[in-house]
Amino acid sequence: MMHNRNKLFGAMLLAGSFFLTTNSIAAETYDEDTYGPETPIVWENPTKVNFSHKVHTMDAGLSCDSCHDELFTMESGAILATGEMTMAAMTEGKFCGSCHDGNTAFASNTQCVSCHINLQEIAPEGTIVWTKPVKAVIFDHKTHTEDYGLSCDSCHDDVFAMQKGAAEKAADFTMQSLYDGKYCGICHDGSTAFASDTRCNSCHIGLKGYNRLMGNKGDH
Ligand code: HEC
Ligand code: HEC
Ligand code: HEC
Ligand code: HEC
Ligand code: HEC
Ligand code: HEC
């Protein structure tokens, strides 16, 4: 569209082949007045995220006022300074989540790697340990993501919230739920991964294992 309009304009103005040529070239390069800044905006706090104007204006056809200034001001970094732009807020339909809701655009709790640059680095390094209802069940990100190649959105945040300890606050975080295909049981069903009614000791390290992991001297 842009291309044709420029051509027509050039032709009407001078009908000179020189202008036609330069206008055609200009229309093919990125026009910051029409599409916004060409260089992607990169936020680095707390994680590294990439935002491209190009994708939103030139490719998806959004106008400037679909984001400016109600959702974002025209000042890179301003929104980060508020500290309010979190994944939880996006899931509630704020910030990027006002469109990335699975409706207008892909949902914020899917395709993590589209927005994030270094997801492996932000996955918790240590072992997650639950002590309720029984002591102690362990979960390791590194084995699941790096060794077994699972993507973050196979668990977050439909199956598990991105918050250590959240699951054990739920009354149904039990073996029965696992057998019913919830929580770890969506995979630990004997098909995607070993079944939840086998290899108890892979997940359960018990009181002794817990003390060892925590560096405690032992029970009283
Ligand atoms: C899908 C949302 C969206 C659309 C559409 C959009 N922008 Fe932006 N724009 C942003 C975001 C996000 C930022 C960064 C704000 C921040 O970091 O606080 C930004 C920042 C900017 C900045 C500041 C850049 C800098 O380096 O400080 C300018 C200028 C800008 N936009 C212009 C435009 C123009 C012009 C359009 C329309 C052609 C447009 N934007 C369309 C989301 C959008
Ligand atoms: C639509 C873009 C988008 C998608 C999709 C997305 N994120 Fe984010 N994420 C952000 C933005 C923006 C921030 C806040 C700015 C920053 O961290 O630099 C953020 C922040 C985070 C944080 C920091 C803590 C927090 O909760 O805010 C984590 C962890 C995170 N994302 C993980 C994920 C995971 C895992 C997925 C996939 C399930 C995902 N993100 C999908 C844009 C996205
Ligand atoms: C006004 C609506 C709107 C807002 C706000 C918005 N997006 Fe988008 N975004 C879209 C649409 C529409 C698409 C294209 C359709 C799709 O990919 O689902 C898109 C596509 C994308 C893509 C895919 C790029 C690719 O690989 O093709 C990324 C990444 C992305 N947006 C990141 C963000 C981030 C980060 C934010 C917040 C800073 C944001 N978006 C805010 C509407 C929006
Ligand atoms: C196989 C499932 C699974 C996968 C895959 C997975 N996680 Fe998690 N993640 C969990 C569980 C379980 C928790 C703890 C939730 C709880 O205690 O309720 C968690 C917690 C988190 C937390 C919160 C840590 C804290 O200290 O509060 C972050 C951040 C996180 N995950 C990021 C990621 C990222 C980034 C990826 C991809 C690289 C990823 N996760 C992949 C299951 C997974
Ligand atoms: C998205 C799928 C998925 C979810 C959800 C999941 N796992 Fe796994 N898990 C796997 C796969 C795949 C393997 C590797 C195949 C196998 O060992 O059967 C694995 C392996 C393991 C292992 C063996 C690790 C080793 O050292 O080899 C343990 C322990 C484990 N998972 C615990 C858990 C716990 C606890 C949960 C719930 C908090 C959980 N997993 C949730 C897919 C998953
Ligand atoms: C895939 C990991 C996994 C495997 C395998 C597993 N469990 Fe569990 N188990 C859990 C999780 C997660 C919980 C809930 C968190 C907690 O109690 O700390 C739990 C809780 C329990 C509980 C207390 C709550 C309830 O459901 O009654 C018992 C008892 C239990 N497991 C016994 C077993 C036995 C016996 C086996 C082997 C036949 C086994 N578990 C195998 C992950 C596992």
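In this predicted model, a backbone N or O atom of M87 lies 2.9 Å from an oxygen atom of ligand 2. T47 makes a similar approach through its backbone: one of its N or O atoms is 2.6 Å from an oxygen atom of ligand 2. H116 uses its side chain instead. An N or O atom there is 2.7 Å from a nitrogen atom of ligand 2.

These three residues belong to a wider shell. Ligand 2 is surrounded by 24 residues, and T47, M87, C112, C115 and H116 are the closest. Two helices stand out in that shell. Helix α6 (87-91) and helix α7 (112-115) each contribute at least two residues to the surroundings of ligand 2.

Now move to the metal. The iron atom of ligand 2 has two protein donors, M87 through SD and H116 through NE2, at 2.0 to 2.2 Å. The site has 6 donor atoms, with angles of 85 to 178° among them, and is octahedral. M87 sits in helix α6, while H116 sits in the loop between α7 and α8 (119-122), so the pair ties together parts 29 residues apart in sequence. Six octahedral donors would ideally give angles of 90 or 180 degrees.

Are the two donors buried or exposed? H116 has a relative accessible area of 14%; because buried means under 20%, H116 is buried. M87 has a relative accessible area of 28%, so M87 counts as partly exposed.

A further iron site is found at ligand 5. Which residues coordinate the iron atom of ligand 5? They are H144 and H188, each through NE2, at 2.0 Å. The site is octahedral, with angles of 85 to 179° among its 6 donor atoms. This pair links distant parts of the chain. H144 lies in helix α9 (residues 141-147). H188 lies in the loop between α10 (175-179) and α11 (200-203), 44 residues from H144. H188 has a relative accessibility of 15% and therefore counts as buried.

Next come the aromatic rings. A pair of rings is described by the distance of the centres and the angle of the planes. The count comes to 6 aromatic pairs. In one of them, the ring centres of W43 and F51 are 6.5 Å apart and the planes meet at 35°, so this pair is tilted. W43 is buried, at a relative accessible area of 10%.

F160 and Y183 form another tilted pair, 5.9 Å centre to centre with 40° between the planes. Where do these two residues lie in the chain? F160 is in the loop between α9 and α10, and Y183 is in the loop between α10 and α11. They are 23 residues apart, and the pair links distant parts of the chain. F160 is buried, with a relative accessible area of 15%. Y183 is buried as well, at 13% relative accessibility. Both residues belong to a cluster: ring pairs link W130, F160, F173 and Y183.

Charged side chains also meet rings. The charged end of K54 sits over the ring of Y30, 5.2 Å from its centre. R199 lies over the face of F194, 4.0 Å from the ring centre.

Note on methods
Residues are numbered from 1 along each chain as its sequence is written. Chains are lettered from A and ligands numbered from 1 in the order in which they are written. This is a predicted model: local features need pLDDT of at least 70, side-chain atom pairs count only at pLDDT 80 or more; totals for chains, interfaces and linings use all residues. Side-chain values use heavy atoms; hydrogens and water are left out. Donors are N, O and S atoms within 2.8 Å of the metal (3.2 Å for Na, K and Ca); water is not among the atoms, so sites may look incomplete. Four donors count as tetrahedral if all angles lie between 85 and 135 degrees; four count as square planar and six as octahedral if opposite donors are over 155 degrees apart and all others between 65 and 115; anything else is irregular. Helices (H or I, at least four residues) and strands (E, at least two) are DSSP runs, numbered from the N terminus. Buried means under 20% relative accessible area, exposed over 50%, partly exposed in between (1.4 Å probe, protein chains only). Rings of Phe, Tyr and Trp (its six-membered ring) pair if their centres lie within 6.5 Å; planes under 30 degrees apart count as stacked, over 60 as edge-to-face and the rest as tilted. A charge sits over a ring if NZ of Lys or CZ of Arg is within 6 Å of the ring centre and within 35 degrees of the ring normal. A residue is near a molecule or strand if one of its heavy atoms lies within 4 Å of it. A polar contact is a pair of N or O atoms within 3.5 Å; within protein, one must be able to donate a hydrogen and the other to accept it, and residues adjacent in sequence count only if both atoms are side-chain atoms.
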